[in-house]
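Hi there,

Here is the structure I said I would pass on. Have a look at it first, and my notes follow underneath.

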There are 2 protein chains.
Amino acid sequence: MDAGTAYQKLIAGNKETAVLGSCASLLVWDERTYMPKGGSPYRAEQLSFLAGMIHERLTSPHIGDLLATIEGSPFVGDPLSAEAVNVREIRRGYDRQMKLPPDLVKALARVTTLAQGAWVDARAASDFAAFRPHLEEIVKLKLEEAAALQTGETPYDALLDDYEPGETSANLDRVFGPMKTELTALAGAIEGASRKPDMGIVQRQYATDLQQAFGEAAASAIGFDMTKGRLDVTTHPFCSGIGPGDIRLTTRYDEENFAQAFFGTLHEAGHGIYEQGLDAAAFGTPMGDAVSLGIHESQSRMWENMVGRNLSFWTHFLPKLQSTFKGTVDDVSPEAMTFAVNRVERSFIRVEADEVTYNLHIILRYEMEKRLINDKLPVGDIPDAWNETFKEFFDLTPPDDANGCLQDIHWSGGGFGYFPTYSLGNIYAAQFFEQAREELGDLDAMFSTGEFLPLRDWLREKIHRQGMRYRSGDLVKEVTGRGPDAEPLMRHLRGKYGELYGLSF
Amino acid sequence: MDAGTAYQKLIAGNKETAVLGSCASLLVWDERTYMPKGGSPYRAEQLSFLAGMIHERLTSPHIGDLLATIEGSPFVGDPLSAEAVNVREIRRGYDRQMKLPPDLVKALARVTTLAQGAWVDARAASDFAAFRPHLEEIVKLKLEEAAALQTGETPYDALLDDYEPGETSANLDRVFGPMKTELTALAGAIEGASRKPDMGIVQRQYATDLQQAFGEAAASAIGFDMTKGRLDVTTHPFCSGIGPGDIRLTTRYDEENFAQAFFGTLHEAGHGIYEQGLDAAAFGTPMGDAVSLGIHESQSRMWENMVGRNLSFWTHFLPKLQSTFKGTVDDVSPEAMTFAVNRVERSFIRVEADEVTYNLHIILRYEMEKRLINDKLPVGDIPDAWNETFKEFFDLTPPDDANGCLQDIHWSGGGFGYFPTYSLGNIYAAQFFEQAREELGDLDAMFSTGEFLPLRDWLREKIHRQGMRYRSGDLVKEVTGRGPDAEPLMRHLRGKYGELYGLSF
């Protein structure tokens, strides 16, 4: 078989496997939105069966043969060509998959599906003991996974590499160490400021159905196509790409807090805009897929924080908010709204944290994960360890585990190594946003008149349409001319919060 | 391999195939409830791929080998044992599948998925021309299917056999002929009656959210477990069993017509109660599956019409209706409500038809289908042929195709031969209900105090838990002591409507 034919077969097989993956995506989306409780056991069987089937396809020796035929042949050409990128990434995935025993893959799918149901109940009852056996099982399986993968210097690095290819804890330690110090200082300075936002603004009565309509309108306005997507309700919001033309956002509503669902929706819409911006024709191949979770998060955090929590955004949207929630916010100015949605305060819940303290929540989780995976911290010790570390980072003690170590869904799904990508996303986002300002001109002037599509289209061309052509660090360099660097993020935070709180750094 | 081992393998393989089928069920449910429009093309690819994969599994020569090892061995034993029934039905399905070319199966999945989207638009615009090319393609493929199956005396019989195993158009002609005459006479007599229901009762303002809450409460009350199911909104209501513990109902609401969604919900709940009553441990095998569409429909029509449209039902539910829709129906008596939800009138829309004229709508479709499939009536002639036949049956002419040949989803899904099972369901339901009255005593007294579970549990034991042990005719005979017979249905209709309209027959 010649290399061209082998490549065609490789791509066709990949696209078929993607169909099975997209079925699993719908099953998971449904599980978290509409599935009745009684469906849980069989859903676990369905997902386990699909995962096994996908694993079987991904580890077929046939793929290894096709790759061997293609690699090193002149067919591949330029290493940044679509063909070379697809072959490079399929090779990476194949090598990774070949190391995982099929029984481990099936067990993880089954255990995590059941654990997610258990987590929902455990969080509601703040009952860590009920969740503990599930988590113990998951940690055990993830350690097996890390041992099987043998990537990087520590078991944790092996897991991290799955979400952010090439990333290492040595590098994260270097970046997060100084960030922690600077963020703690920044948060402290802000807490000492005399100027305070009026938080009452976002804590009035906001009817859920109007929140949903407003959230959908805002998602549309910034460029998320609602005819190719949806917005639904779930416990832990996420964005799921079911397939081209079908990208689903979720959020959760609080009638007495407008900001939670709204910024959650902008955040997920940012992910959704990335997914909608991928090349649909390349769906099911690396060239039609996202680079990494860090790059994905750079898109969501940019739309949520750099666009949505910006004065120019509220210059445009406040009148719409006023006409949607009649009589509720007539007394509010764009400045007061902007200040209220940017309040900095140490708090317990990551997903409700502000832009400054958010990264401290991430660094805490990163430290916990390293202890669990590398240092074999017993799962039963998590609540105490969490609370002690939280005290050290935030000088606060969570009132219960629902507000502590039980708050996030990630571990119930086996997602160790996932959290750091949130802060990487913030770092990348600040770099991309600085560059966009440089190339597109006065973004604030655009936002204040409702022009969000120039930014979306710039992101689409520079990032979304590139698929996996570049690894995250290389993409950042390609787009901004510089490698990953936390300084633009710190510059953004010092500038924005200095102005809001009347501080100079 | 011994027969026992072969049987274990056969069942395990069947259950795995059922997992894939259940994934497809969720994809279809989602397509008809929540999927954004933009997801349609890829959904077609997903379903086509799954259908191909399922077909491949169902036609694996391995199944033939296993069946050959088991059949005729002493292992199977009593022909009504679970083992014998599973082997018999898997053999039937295998032989059927082996006759269908894989390309035809894939083509039907793809074409019908697209056609269903087109049908939604065509019905909304009453634009038969827009739907015509899709339907032509479907009829062409269904004729290929009938030719490949070579079951029964006509191509239509081959398709009919898929929904109601063993049923023939010769038999239906014998049953439907006299029924048409009797029903026409009955409808005529009722139209001549001086007593008329006050239809204004059901056509007041009924808020959708309250209708949904009331519908869910009623479905629960009659025995549908809402923790193992859902109720959602769709264009053409259906019930879908995703898997054990996850049975989904759908309905559609009209703010100015309470009866449409409510009886639709009872109807689908009847299907759902059947699905929930199947043996969960046998899911994915014939012993855990429904007998036929006719038997399925006997359950839905019984709960909808024989229970829900009964005075004793409204004796219990009217006070609840009054407290749900405050001030809306305070002036209504159970008798007036019962009469209003049993108005007999010739009309255009099957799903809104009363119990008497409903079967005339079915017989009309049955005649149309025979002409399309056996007599090669061109698809382009459907609107005229429909309207002419409708005039003959109902002495009315549909104002447009949305109220005529475009009203039903079935043909867009390739469901030729499906409609007759609705009337078979009515026939079976009347037989089962007469028998239940005989065995359980005064059902009216039970219903009027909200006791619906004795009937549900009787149905569960006699019908649901039997799985596919008996073919439909044999099941009717097993349960009632007599074979299928339209007379109990006609007796029910004459008795009920004679009393309501003050007529004697």
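Let me start with a small puzzle: is Ser126(A) buried, exposed or partly exposed? It counts as partly exposed, because 16 other C-beta atoms lie within 10 Å (20 or more would make a residue buried and 12 or fewer exposed, with partly exposed in between, and C-beta atoms are placed from the backbone).

Before going further, a word on what you are looking at. This is a predicted model, in which local features need pLDDT of at least 70 and side-chain atom pairs count only at pLDDT 80 or more, while totals for chains, interfaces and linings use all residues. Residues are numbered from 1 along each chain as its sequence is written, and chains are lettered from A and ligands numbered from 1 in the order in which they are written.

Back to the serine. Ser126(A) sits in the loop between α5 (102–125) and α6 (128–149) of chain A (helices are DSSP runs of H or I with at least four residues, strands are runs of E with at least two, and both are numbered from the N terminus). Its phi is positive, about 45°, although Ser126(A) is not a glycine. In chain B, Ser126(B) has a positive phi near 45°, and its place is in the loop between α5 (102–125) and α6 of that chain. Ser126(B) counts as partly exposed, with 16 C-beta neighbours inside 10 Å.

Next, the two chains together. 28 residues of chain A are in contact with 28 residues of chain B (contact means C-beta atoms, placed from the backbone, within 7 Å). On the chain A side, α1 (3–33), α2 (40–58), β1 (229–233) and β2 (239–243) each supply at least two residues, and α1(A) gives the most, with seven. That side divides into 13 nonpolar, eight polar and seven charged residues (nonpolar being Ala, Val, Leu, Ile, Met, Phe, Trp, Tyr, Cys and Pro; charged being Asp, Glu, Lys and Arg; polar being the others, Gly among them).

The largest nonpolar core has 247 residues, and Cys23(B) and Leu50(B) have the most contacts inside it (such a core is a set of buried Ala, Val, Leu, Ile, Met, Phe, Trp, Tyr and Cys residues joined through C-beta atoms within 7 Å). Apart from neighbours within four places in sequence, Leu50(B) touches Cys23(A), Leu20(B), Cys23(B) and Ala24(B).

Three helix pairs in chain A may interest you:

- α1(A) and α2(A) pack at about 160° with their axes 10 Å apart (axes are lines fitted to C-alpha atoms, for helices over the stretch in contact, and angles run from 0 to 180 degrees between N-to-C directions). They are therefore roughly antiparallel (over 145 degrees; under 35 is roughly parallel, 65 to 115 roughly perpendicular and the rest oblique). The crossing is left-handed (the near helix is turned anticlockwise from the far one by less than a right angle; clockwise is right-handed). Their contact includes Leu20(A) and Cys23(A) of α1(A) and Leu47(A) and Leu50(A) of α2(A), and by class it has ten nonpolar, three polar and three charged residues.
- α9(A) and α10(A) pack at about 30°, again with axes 10 Å apart, so they are roughly parallel. The crossing is right-handed. Among the residues that make the contact are Gly215(A) and Ala218(A) of α9(A) and Phe262(A) of α10(A); the contact has seven nonpolar, three polar and no charged residues.
- α10 (258–277) and α11 (293–307) of chain A have axes that come within 7 Å and cross at roughly 135°, which means that α10(A) is oblique to α11(A). This crossing is right-handed.

Thr208(A) lies in α9 (208–221) of chain A and is partly exposed, with 13 other C-beta atoms within 10 Å. Outside its neighbours within four places in sequence, Thr208(A) is in contact with Tyr253(A) and Glu255(A). The C-alpha atoms of Thr208(A) and Phe258(A) are separated by 9.1 Å, with these positions 50 residues apart along the chain.

Last, helix α7 (155–163) of chain B is mostly covered, with seven of its nine residues buried. Tyr156(B) and Leu159(B) are among them, and the cover includes α6 (128–149), α8 (169–191) and α16 (420–440) of chain B.

Best wishes, and enjoy the model!

Key. Two residues are in contact if their C-beta atoms, placed from the backbone, lie within 7 Å.
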